[in-house]
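Subject: Structure handover and notes

Dear colleague,

I am passing the structure below on to you, together with an account of what was found in it. Please read the notes with the structure open beside them.

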Amino acid sequence: MTDQSVRVRFMPGREDKNKGTSGSRKATDKREAILAAALDEFVEKGFALARLDDMAARAGVGKGTIYLYFPSKQAILEELVRTSVGSPIAAIGEAALASDLPTEALLRMIFSRVRTEILGTRRREVARLVIAEAGRFPEIAAFYHREVIGQGLQMLRALARRGIERGEFDSDVLVRFPHLAVAPVVVALLWTSLFDGIEPLDVQGMLEAHVDLLTRGLKGKGP
């Protein structure tokens, strides 16, 4: 699945829900245009240098229109995080926790969906942006941790506990350190951004190999 095959859509804000159908659609279209333009500006210039004037010009709206939807530049970035990464992670987690499949199969499903729905689309740019900017803007790091990382770790802990209760896993290492499961996603984000032109990474193959190694360790089996 490529960037061209997945159009990243942003969820409508609460302020649009009580409007008429036509008005709501127009408001949603403007909101999506602003978010898409903001993502372009953030990717090109970084959070600090991105300007609302340039976002408005890209979106084809007046600067004042942006303030009808977002009170600040940070609020725009937070909405990008929430809708582009947080919402997909939440949906993946809900599907996994609602399933009765073996935990190993669920881990494979999780990584497959993360690859196709985030790493394989422009949503990955939001995650890369946060990685690049979080050191200078701790409030952005805190928001991303709350909306994305925290719920992802909680999901993995819940699956690991269930795997132990079912007798599928012997080790509780994933309960204590769910970060181990997330690490290859961070590697994929950084590698494809920095080194893909030098040494392309088979992200799908790496994630499948990661699940193999992870589940062998959790089952107490050697390689």
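The notes below go from the whole chain to its largest pocket, then to some individual residues and the aromatic rings.

Please keep in mind throughout that this is a predicted model. The secondary structure of the chain consists of 10 helices and 0 strands, so that, read from the N terminus, the order of elements is α-α-α-α-α-α-α-α-α-α. Of the 223 residues in the chain, 43% are buried, and the accessible surface amounts to about 11600 Å², with 55% of that area belonging to carbon and sulfur atoms. When contacts are limited to residues at least 6 apart in sequence, 67% of them join residues that are at least 24 apart.

The largest pocket holds about 480 Å³ of space. Its lining is made up of 23 residues, and those closest to the pocket centre are I89, V148, I149, V182 and V185. Several helices take part in this lining, since at least two residues each are supplied by α4 (73-98), α5 (103-119), α6 (123-133), α7 (138-165) and α9 (179-194).

Two of the residues named as closest to the pocket centre, I89 and V185, appear again among the contacts of V114, a residue of helix α5. Leaving out neighbours within four places in sequence, V114 is in contact with I89, I92, L119 and V185. Although V114 and V185 are 71 residues apart along the chain, their C-alpha atoms are separated by 8.3 Å. V114 counts as buried because its relative accessibility is 8%, which falls under the 20% cut-off.

Helix α6, which also contributes to the pocket lining, is mostly covered, with 9 of its 11 residues buried. The buried residues of α6 are R123, R124, E125, V126, A127, R128, L129, V130 and E133, and two of them, both with charged side chains in the sequence you have, are taken up in turn here.Which residues does R128 touch, once those up to four places away in sequence are set aside? R128, found in helix α6, touches L189, T192 and S193. With a relative accessible area of 15%, R128 is classed as buried, because the limit for that class is under 20%.

E133 is likewise found in helix α6, and at 4% relative accessibility E133 counts as buried. Not counting residues up to four places away in sequence, E133 touches G46, F47 and A48. The C-alpha atoms of E133 and F47 are 7.0 Å apart in space, while the two residues are 86 apart in sequence.

F47 also takes part in the aromatic arrangement of the model, where F42, F47 and F137 form one aromatic cluster. A search of the whole structure finds 3 aromatic pairs. In addition, the charged end of K73 sits over the ring of F47, at 4.8 Å from the centre of that ring.

The last residue in these notes is S171, which is found in the loop between α7 and α8 (173-176). Is S171 buried or partly exposed? S171 is partly exposed, because its relative accessible area is 22%, and the buried class ends under 20%. S171 touches I164, G217 and L218, with residues up to four places away in sequence not counted. For S171 and R161, which are 10 residues apart along the chain, the separation of the C-alpha atoms is 9.8 Å.

With best regards

Note on methods:
Residues are numbered from 1 along each chain as its sequence is written. This is a predicted model: local features need pLDDT of at least 70, side-chain atom pairs count only at pLDDT 80 or more; totals for chains, interfaces and linings use all residues. Side-chain values use heavy atoms; hydrogens and water are left out. Rings of Phe, Tyr and Trp (its six-membered ring) pair if their centres lie within 6.5 Å; planes under 30 degrees apart count as stacked, over 60 as edge-to-face and the rest as tilted. A charge sits over a ring if NZ of Lys or CZ of Arg is within 6 Å of the ring centre and within 35 degrees of the ring normal. Helices (H or I, at least four residues) and strands (E, at least two) are DSSP runs, numbered from the N terminus. Buried means under 20% relative accessible area, exposed over 50%, partly exposed in between (1.4 Å probe, protein chains only). Contact means heavy atoms within 4.5 Å. Accessible areas come from the Shrake-Rupley method with a 1.4 Å probe; for residues, only the protein chains shown count as cover. On a 1 Å grid over the protein atoms alone, a cavity is a set of points where a 1.4 Å probe fits but cannot get out, and a pocket is an open set with protein on both sides within 12 Å along at least five of seven lines; lining residues have an atom within 4 Å of a point. Grid points are joined across faces, edges and corners, and a volume is the space filled by probe spheres set on the points.
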